[in-house]
Amino acid sequence: MFNSNHEQELSKRRTFAIISHPDAGKTTITEKMLLLGKAIRISGTIKGRGNGKYAKSDWMNIEKERGISVTTSVMQFTYKNILMNLLDTPGHQDFSEDTYRILTAVDCCLVVIDAAKGIEERTKKLIDVTRIHNTPIITFINKLDRDSREPIEILDEIEKELKLNCIPINWPISCGKNFKGVYQIYDKMVYLYKNKLFKKNFLNLDSFSDFYNGLVGEYIGTDIAISIHQELELIINIYSKFNKEKFLRGIITPIFFGSALGDFGIDHLLDSLIKWAPTPLYRQSSKRKVYPQEKKFTGFIFKIQANMDLKHRDRIAFMRIVSGQYTKGMKLKHVRVKKNITISDAFTFLAGDRISVNKAYPGDVIGLHNHGTIKIGDTFTEGEEIKFIGIPSFAPEIFRLIYLKNPLKRKQLKKGLVQLSEEGTVQVFRPILNNNLILGAIGILQFDVVIERLRIEYNIDAIYKKVNIILARWIRSKNGDSIDKFKNNHSTYLAYDTSNSLIYLAPSSANLDVVMTQNSDIFFDKIREQ
Ligand code: G4P
């Protein structure tokens with residue numbers, strides 16, 4: 001630890017992301033958090049509600065600009081003297097590899113689940129990514145003001161599907177029209193939903209049996225109170241107590257129930273983030289672990305966003321600070337290109353505005369102007385030759401064949417695609433056996449973004465069409481032997497990515513299963529280090 005001020009800055013920071021399946025309530029929760037943090041004053045600021053239902057990629061002409069595109073990448077706000085760095089995980093059509101990679105730049109995740117739907121496909125995929133680093137997870141079960149599934153059924157599903165042990169922190173008192181609030185198990189408090197009966201919106205219980213006596217019984221109705229009391233006795237017996245160490249190791253997830261739209265429970269979520277989420281964590285580099293307490297600055301790039309300012313066509317590289325302190329005008333080494341650069345115009349984000357940043361600390365995210373030299377995964381230091389690892393590429397989930405309207409521009413097409421792939425917009429594969437170029441992405445919108453950017457930035461007219469590939473896995477030999485034999489036997493399905501790593505492009509999951517079983521000496525990786 002190099003000084004106590006630095007230690008204080010660390011203790012004041014939490015860096016987290018909210019993840020959910022579309023429509024579970026991520027935007028509503030973000031908005032309520034920003035309201036509580038006084039970073040915005042009115043609801044409806046976050047996405048252009050009324051201008052179309054979904055937030056869309058801010059890039060393309062063919063789409064309307066979204067509400068506050070700049071701030072949706074990173075939002076900084078203060079809650080009870082703690083500086084919250086909330087990183088946005090693009091969700092609807094703009095779901096992409098970025099969404100996955102952002103999860104490598106946070107220290108904690110908030111998972112939002114729709115109480116009527118339970119675990120949905122996107123939630124499961126995103127949680128799988130958080131398991132790479134065992135990121136601690138807090139779970140919010142939302143929309144209790146609507147008819148919901150049995151809470152215990154949802155918890156069972158979380159334990160089974162997400163392989164996390166649930167620890168309920170509160171428990172809902174009915175749902176839908178009868179939703180009365182939650183019982184805060186450890187505090188023995190009942191928080192009342194839309195209460196008009198009492199002055200306070202919570203009631204303290206002297207003893208657990210008070211649940212169906214006195215004011216609580218009066219509020220909830222004695223019959224419901226007795227049945228919830230019985231349920232609670234069971235819950236308290238079945239589930240273990242919250243244990244911070246297990247939470248930090250990503251073994252258990254504390255569970256909160258509430259209603260984001262009803263503004264119910266978001267303050268408790270923020271309180272739990274302050275109390276339990278880790279202060280900025282160390283990151284692993286190629287040579288050693290780098291700790292936030294270290295004096296020398298280090299950071300890594302986890303996202304590049306193009307054309308945030310349409311007038312300037314600029315690209316912004318987002319850097320998570322790992323150690324030391326950023327001060328305006330400091331000289332940093334861009335390790336991959338072995339160059340020192342002076343960073344004088346880094347900025348941060350505050351509800352809608354880019355703000356030039358003078359000082360920033362571990363856990364913070366700063367934006368750097370990028371003129372095409374910065375790649376995802378790049379490390380910046382004060383001179384040390386290290387590279388942060390764990391900012392991987394993820395195997396694409398959808399594929400398209402791209403081809404030119406004017407075949408003479410193939411060289412430009414390749415150049416454009418290499419640059420776009422370095423920014424993480426799309427992955428590009430060259431099959432071993434032919435001259436095709438295959439694009440791989442996680443979200444379908446990425447293909448349109450690529451075509452549009454090729455047209456505007458590289459003056460190339462290209463189109464894409466479907467291709468018979470549904471899964472991809474990077475290929476490595478398990479024992480360090482050559483993989484020539486595998487290459488010869490399976491060349492039809494093999495391609496190289498832009499860093500010349502070999503990848504298997506499977507036409508069906510059955511095909512992949514067979515090939516994997518027949519080749520037990522080969523790793524089929526879902527992720528690849530940059
Ligand atoms: P997302 O970012 O995860 O995609 O979800 P978002 O917050 O946009 O919420 C999706 C829909 O669910 C929105 O309604 C929102 O108002 C609603 N919602 C969110 N939280 C709650 C809740 O606690 N209770 C209830 N009843 N509804 C909730 P919408 O009609 O689709 O959009 P809008 O017209 O309200 O924007």
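Two strands count as paired if DSSP finds at least two bridges between them, and helices (H or I, at least four residues) and strands (E, at least two) are DSSP runs numbered from the N terminus. The model here is predicted, so local features need pLDDT of at least 70 and side-chain atom pairs count only at pLDDT 80 or more, while totals for chains, interfaces and linings use all residues. Numbering starts from 1 along each chain as its sequence is written, and side-chain values use heavy atoms, with hydrogens and water left out.

**Exercise 1. Work out the strand order of the 7-stranded sheet and find its edges.**

Step 1: Walk across the open sheet and you get S2-S3-S1-S4-S5-S11-S6, with mixed pairing.

Step 2: Strand S2 (74-79) and strand S6 (165-168) each have a single partner strand, so one side of each is left without a neighbour in the sheet.

Step 3: On average, neighbouring strands here are turned by 30° against each other, direction ignored. For angles like these, axes are lines fitted to C-alpha atoms (for helices, over the stretch in contact), and angles run from 0 to 180 degrees between N-to-C directions.

Step 4: Now zoom in on strand S4 (residues 108-114) and strand S5 (residues 137-142), which run parallel and are joined by 6 bridges. Leu110 has Ile138 in S5 as its bridge partner.

Step 5: Add the helix: H4 (residues 121-130) packs on the sheet and touches strand S1 (13-20), S4 and S5. The direction of H4 makes about 145° with that of S1. Contact means heavy atoms within 4.5 Å.

**Exercise 2. Do the same for the 4-stranded sheet.**

Step 1: This open sheet is antiparallel and reads S7-S8-S9-S10.

Step 2: Its edges are strand S7 (170-173) and strand S10 (202-204); each has a single partner strand, so one side of each is left without a neighbour in the sheet.

Step 3: The average turn between neighbouring strands is 20°, direction ignored.

Step 4: Strand S9 (residues 189-192) pairs with S10 in the antiparallel sense over 3 bridges, and Val190 has Leu203 in S10 as its bridge partner.

**Exercise 3. Describe how H2 packs with H9.**

Step 1: The axes of helix H2 (residues 26-36) and helix H9 (residues 266-276) come within 10 Å and cross at roughly 75°.

Step 2: H2 and H9 are therefore roughly perpendicular to each other. The cut-offs: under 35 degrees is roughly parallel, over 145 roughly antiparallel, 65 to 115 roughly perpendicular, and the rest oblique.

Step 3: On the H2 side you'll find Ile29, Lys32, Met33 and Leu36, which meet Ile266, Asp267, Leu269, Leu270 and Leu273 in H9.

**Exercise 4. Classify the packing of H10 and H11.**

Step 1: Helix H10 (residues 410-422) and helix H11 (residues 445-458) pack at about 120°, with axes 11 Å apart.

Step 2: H10 and H11 are therefore oblique to each other.

Step 3: Leu413, Gly416, Leu417, Gln419 and Leu420 of H10 make the contact with Val450, Arg453, Leu454 and Tyr458 of H11.

Step 4: Sort those residues by class and you get 6 nonpolar, 2 polar and 1 charged. Here Ala, Val, Leu, Ile, Met, Phe, Trp, Tyr, Cys and Pro count as nonpolar, Asp, Glu, Lys and Arg as charged, and the others, Gly among them, as polar.
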